[in-house]
Amino acid sequence: MGSRDQKVKWSWSSALIGAASATAVASLLGAKPKDPTFHLISIELTSLKFNLPILDAELMLTVHVTNPNIAAIHYSSTTMSILYDGTVLGSAEVKAGSQPARSCQLLRLPARLNGMELAQHARQFFADVAKREMKLEAKLDIEGAAKVLWWDHSFRVHVDSFITVDPVFLDIIGQENRSQMDLFLA
């Protein structure tokens, strides 16, 4: 039988290794992924294309994207749908790319609006032009991977944007952006 008065040997190196391990595990567990943020900065009209009797418009959208996470991300190309009065009015192309951890960047997205679709909503459009307030919606699903230590974690982000623009000067009057990220650990 052992004695209660036995002394336990204390080792500073074991204590430091244990503390470092606990800190690393707590950091990884506390690094819960956060949803990226998106903010439309500007809309520029780049060209008008006459497809008689319809007029198509090409635009350049400048979007500010923030990656608040501790890992850099790589994402695939995708298409953003632009809706007006519940109908797909056009689209914008998002090229494949990457973004460093905890960073912001500006994306310039070429977009095309279909004049035929806008003509389907002519009454609503002219009413919006008269009051200089047009409500648009944008939807985007983007997939990619974030590398944390030696693991690649796949993710998918769904973004819904509700944007109010002045259809005369293309000024952004207001916007609400919601994003939802799904992280796949397998």
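1. Let's start with Leu48. In this predicted model, Leu48 sits in strand S1. Is Leu48 buried, exposed or something in between? Its relative accessible area is 45%, so it counts as partly exposed. Leu48 also belongs to a nonpolar surface patch, which it makes together with Leu45, Phe50 and Leu55. The patch covers about 410 Å². Which element gives the largest share of that patch? Strand S1, which spans residues 37-51, supplies three residues. Click on those four residues and you can see the patch for yourself.

2. Now zoom out to the whole chain. How many helices and strands does the protein chain have? There are three helices and 10 strands. If you walk along the sequence, the order is α-β-β-β-β-β-β-β-α-α-β-β-β. Keep that pattern handy, as the points below hop between these elements.

3. A few whole-chain numbers are worth jotting down. The chain has 186 residues, and 31% of them count as buried. Its accessible surface is about 12,300 Å², with 60% of that belonging to carbon and sulfur atoms. Now take the contacts between residues at least 6 apart in sequence: 62% of these join residues at least 24 apart.

4. Asp128 deserves a closer look. You'll find Asp128 in helix H3, which runs over residues 122-131. Buried or exposed? With a relative accessible area of just 4%, Asp128 falls under the 20% cut-off, so it is buried. What does Asp128 touch, once its neighbours within four places in sequence are left aside? The contacts are Tyr84, Glu133, Met134, Lys135 and Pro167.

5. Asp128 also has a charged partner. Its side chain meets that of Lys131 in a salt bridge, at 3.9 Å from N to O. Where do the two stand relative to each other in helix H3? They are three residues apart, so about one helical turn separates them. The two ends of this bridge sit in contrasting surroundings: Asp128 is buried at 4% relative accessibility, whereas Lys131 is exposed at 54%.

6. That bridge has company, as the structure holds 11 salt bridges. Another one pairs the side chains of Asp166 and Arg132, with an N to O distance of 2.5 Å. Why does this pair tie together separate parts of the chain? Asp166 is in the loop between S9 and S10, while Arg132 is in the loop between H3 and strand S8 (134-148), so the bridge links parts that are 34 residues apart in sequence. Asp166 is buried, with a relative accessible area of 6%. Arg132, at 36%, counts as partly exposed.

7. Next up is a strand-to-strand bridge. Lys139 and Asp160 form a salt bridge whose closest N and O atoms are 3.0 Å apart. Lys139 belongs to strand S8 and Asp160 to strand S9, so this pair ties together parts that are 21 residues apart in sequence. Lys139 counts as partly exposed at 31% relative accessibility, and Asp160 is buried at 15%. Elsewhere, salt bridges can also share partners: Lys49, Asp56, Glu58 and Arg112 are joined into one network that way.

8. Finally, two backbone angles to check. Arg102 is not a glycine, yet its phi is positive, at about 45°. Where is Arg102? It lies in the loop between strand S6 (97-99) and strand S7 (103-113). Arg102 is exposed, because its relative accessibility is 62%. Leu170 has a positive phi too, near 60°, and it is likewise a residue other than glycine. Leu170 lies in the loop between strand S9 (151-165) and strand S10 (172-184). With a relative accessible area of 25%, Leu170 is partly exposed. Find both loops in the viewer and have a look at the backbone there.

Technical notes. Residues numbered from 1 in each chain as written. Predicted model: local features only at pLDDT ≥ 70, side-chain atom pairs only at ≥ 80, totals over all residues. Heavy atoms only, no water. Patch = residues over 30% accessible without salt bridge, like charges linked within 9 Å, V, L, I, M, F, W, Y side chains within 5 Å. Areas by Shrake-Rupley, 256 points an atom, 1.4 Å probe, with all protein chains shown as cover. Salt bridge = Lys/Arg side-chain N within 4 Å of Asp/Glu carboxyl O. Buried < 20%, exposed > 50% of the residue type's maximum accessible area, 1.4 Å probe, protein only. Contact = heavy atoms within 4.5 Å.
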